[in-house]
Amino acid sequence: MAEQSKLLLIDGHSILNRAFYGLPDLTNSKGQHTNAVYGFLNILFKTMEEEKPDHLTVAFDLSAPTFRHRMFADYKGTRKPMAAELREQVPMIKEMLAAMGICLVTKEGLEADDLLGTMSKIGEAAGMDVTILSGDRDLLQLATDKVKIMIPKTKKGGTETESYYAKDVRETYQVSPTEFIDVKALWGDTADNIPGVPGIGEKTAINIIAAYGSIEAAHEHAEDLKPPRAARNIVDFWDQARLSKTLATIDVHAKIDYDLAAAQIGNIFTDDAYRLCKDWGFKNILLRFDKESVDREEKDLTSRFSHLTSRTAFEEMIERAGQSQETWIGAGLFLKDHSAARAGQIRALAISFEGKAFFAEADTEARQLSLFGSEADDGSGDLIQSTDLRRGLQALADAGKNLAFLDLKEALSQLSFSDRGRSFDLQVAAYLLDPLSSSYPTEDIARDQLALSIPSYSEFFGKKKADQIWEDPEEVEHRMHYACYQAYVASRAPQKLLKRLEEQGMRALYEEVELPLVYTLYDMETAGIAVEKEALKSYGDQLVGRINELEEGIYREAGETFNINSPKQLGEVLFGQLGLPGARKTKTGYSTAADVLDPLAVNYQIVRDVLEFRQLTKLKSTYADGLAKVIADDGRIHSSFQQTVTATGRLSSTEPNLQNIPIRMELGKEIRRVFPAMEGCVFVDSDYSQIELRVLAHLSQDPKLIEAYRQGKDIHRATASLVFHTPFEEVTDQQRSNAKAVNFGIVYGISAFGLAKDLGISREEAQEYIDGYFAAYPRLHDYLDGLVEFARKEGYAVTLFGRRRPVPELKNSNFMQRQFGERVAMNAPVQGTAADIIKIAMVRVHDRLAKEGLRSRLILTVHDELLVETFEQEEQEVREILDQEMRGAAQLSVELEIDTHSGRNWYDAK
DNA sequence: GTTGTCACG
DNA sequence: ACGTACGTGACAACG
């Protein structure tokens, strides 16, 4: 006997409303209110667990729920408009239900009640058990012995549900479900515009209907009714009573197309639903997905993982992979001692295709020995060497397979692609989709793209370092699984990532800029930059002499010795003991930052000494000593360029950071002399001239700004001329300098406070500058406003090339945070577009150098600057390439100009 | 690990 | 009344 089929019907607005008022105001990272959706889903899951329905439908009325829908308790008698925080969640829940494949029913002109009533009859007629979930007691009239009405009640410590079959209605209200309509006809309901009969309240209405069964019967026996007022009014207001009955009656024969087959419950834990939960921050619900998705198909992904322990088996697998039709072959690659300076050896490799994954690791010496001792054959024949793994990987690339890696730049140390389009970088793709994440581990990509829950590194290995896990025989299964998961995700995620990039208009950015850039950066890292070790050492020694003098002087002036590098101790000495004026507090004590000390320098020798001491120790520790530590065996420094770090799309540089080598102060700038071009070479250094302001001119299409650039004017002078209403030729240096600061401010997302601080003027004065600026460039002002408006509406800022930066701060309840969000919304498109442009230029310069067979190499980028180590004979050609490719990287309404210099070292090339 | 400071664009 | 210019990374101090 087949189990009884069960239909669950949900009153959408009513349950959403209950959830909204039952939960505190939850706001997700994007600033969306989510409490009602979240609560709705929890009620849905709970009810499904309890009722175990096989069919499910959610009904919504199309018309505004404030007007038509009968709300329970909270709304009774009041007609206040639906809260905006709730209204915005109506489309969200619909989107979620649709993503879960849940049947949604709406019909113009019908209330949810009528839909629910009609559907319950259809279900009942089909022989099903029906449950209607609603917060609205009016639905009790629909109860039968097959149709159950469930009403959630909010109680302390959770929700409880009251259930009513027909008999329960009778027990509770002394009337049958159909009689309940008549009760309502007498009693009325202001919330629903049902007038009822004056003078008859709930008690009286129930008594009358319990006695007579209907308003018609009661009307016939009007003279018998008590109290007399009811008897009189039921006659006097008879028409109104009959109208009320009509209004109160739920239509159970509404003309709707309702197909029970469409209501069948499939797998509601879909990828789309998962993504929505992720987007909206429903962490707890995600757990439910993990469990379900594990239950449904990933029950044991590890059963599809194999550990290949012989070279033969590994090579056979590579052979099969090479013949596979799989779109993307995923690879998990693990290197020993890899860095930008040196390609590590492959420790292990996992390859995944067709849903399976294979793991192979280079045999350790110990294993090689033991095998050699025990095996009868030639011993070395079937062992796996690091080079075997490398050959296998290269074989796949050579076979023209599409290969996906978590970190392609690292993989490039082990193989080469003849077609860059056949490689994929998961981290870079994931970064474009969500540049605010701090890292892009496999498990996050699996969760976001595949709705798959897999263990993280720490879940496998705890706090153990890579060296420990790869050499410990007990970890072999863990690392096999870990590597296979990585390969598996790499094979499955690219399609999803590409689809999302496409949807978000970033596919070209990925394929034509970021992906080729991986190759450019790899070559730049490999090339590195030469350093004169001895010169660096003597630079450091020179600093030490002066540092010691200063230190002595400071102790003498302070009257005691202390750690000058400790802001806490220094602050105490300067502002506490010596009682210097102008103290400013930080969380932990006095601030000793340069902008606090600077004004004091005029009057106090000790402050001058401290500032110089600071400057010199910075140069010594960060640059002299810091750089010496990272010189590789080849005498060069190989910085790592990070492609997945910044919120705006810029690159960053680490170990060491070569993007903050001193230049502003002469003494610091000297350090650039220790970076020489190699023998027979010069450095050619090109930097964009005011790229961000030019980008802004283009993006805003401000005619005055564009015109100033087209005429090749000094832009800061031109700005000063407009802002201060001074003829161009008569602009003073001071005015120009102020205008320059304003131009910078504009790019940062101007604030009067910030500008005032920068210029050392009052906030009012700064505001006047800003007002003057926007009066001079009105179009620019409108444009910046538009940026904020766009980001507020869409939740992100976007560059000329489609790169996005989310701006969740704009929806933050904190005023400061929102202000910050506004500046970000103004700055990100500008800084980001400039980043897009130089990335394009980098790829083009890199490719041109290769294509033209030049030996010169692009070795460094500093945001708006490219440095090419150039063979002397190639200088003219390199200059030309830089000029063409940098200027031609984007076609803007204003020309992109560059300044180019060359020299024997980095100092001379600037 | 966080904080304060400061180097760069 | 609040307390901000945008984006980074490295170092020393300190809990």
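What span should the 13 residues of helix 17 (residues 386-398) have at 1.5 Å a residue? The expected span is 18 Å, taken as 1.5 Å times one less than the number of residues, and the end C-alpha atoms of helix 17 are 18 Å apart, which agrees. This is a predicted model, in which local features need pLDDT of at least 70 and side-chain atom pairs count only at pLDDT 80 or more, while totals for chains, interfaces and linings use all residues. Residues are numbered from 1 along each chain as its sequence is written, chains are lettered from A, and side-chain values use heavy atoms, without hydrogens and water.

**Helix 17**

- Helices are DSSP runs of H or I with at least four residues, and strands are runs of E with at least two, numbered from the N terminus.
- The buried residues of helix 17 include Asp388, Leu389, Leu393 and Leu396; buried means under 20% relative accessible area (1.4 Å probe, protein chains only).
- Among the elements that cover these buried residues are helix 15 (311-323) and strand 9 (345-353), with contact meaning heavy atoms within 4.5 Å.
- Gly400, just after helix 17, has a positive phi of about 80°.

**DNA strand B**

- Thr592, Arg614, Lys618, Ile663 and Asp864 come nearest among the 24 residues around DNA strand B; a residue is near the strand if one of its heavy atoms lies within 4 Å of it.
- Helix 28 (residues 605-628) gives the largest share of this surface, four residues.
- A polar side-chain atom of Arg614 is 2.6 Å from a phosphate oxygen of DNA strand B.
- For Lys618, a side-chain N or O atom lies 2.6 Å from a base oxygen of DNA strand B.

Technical notes
Buried means under 20% relative accessible area, exposed over 50%, partly exposed in between (1.4 Å probe, protein chains only). A polar contact is a pair of N or O atoms within 3.5 Å; within protein, one must be able to donate a hydrogen and the other to accept it, and residues adjacent in sequence count only if both atoms are side-chain atoms.
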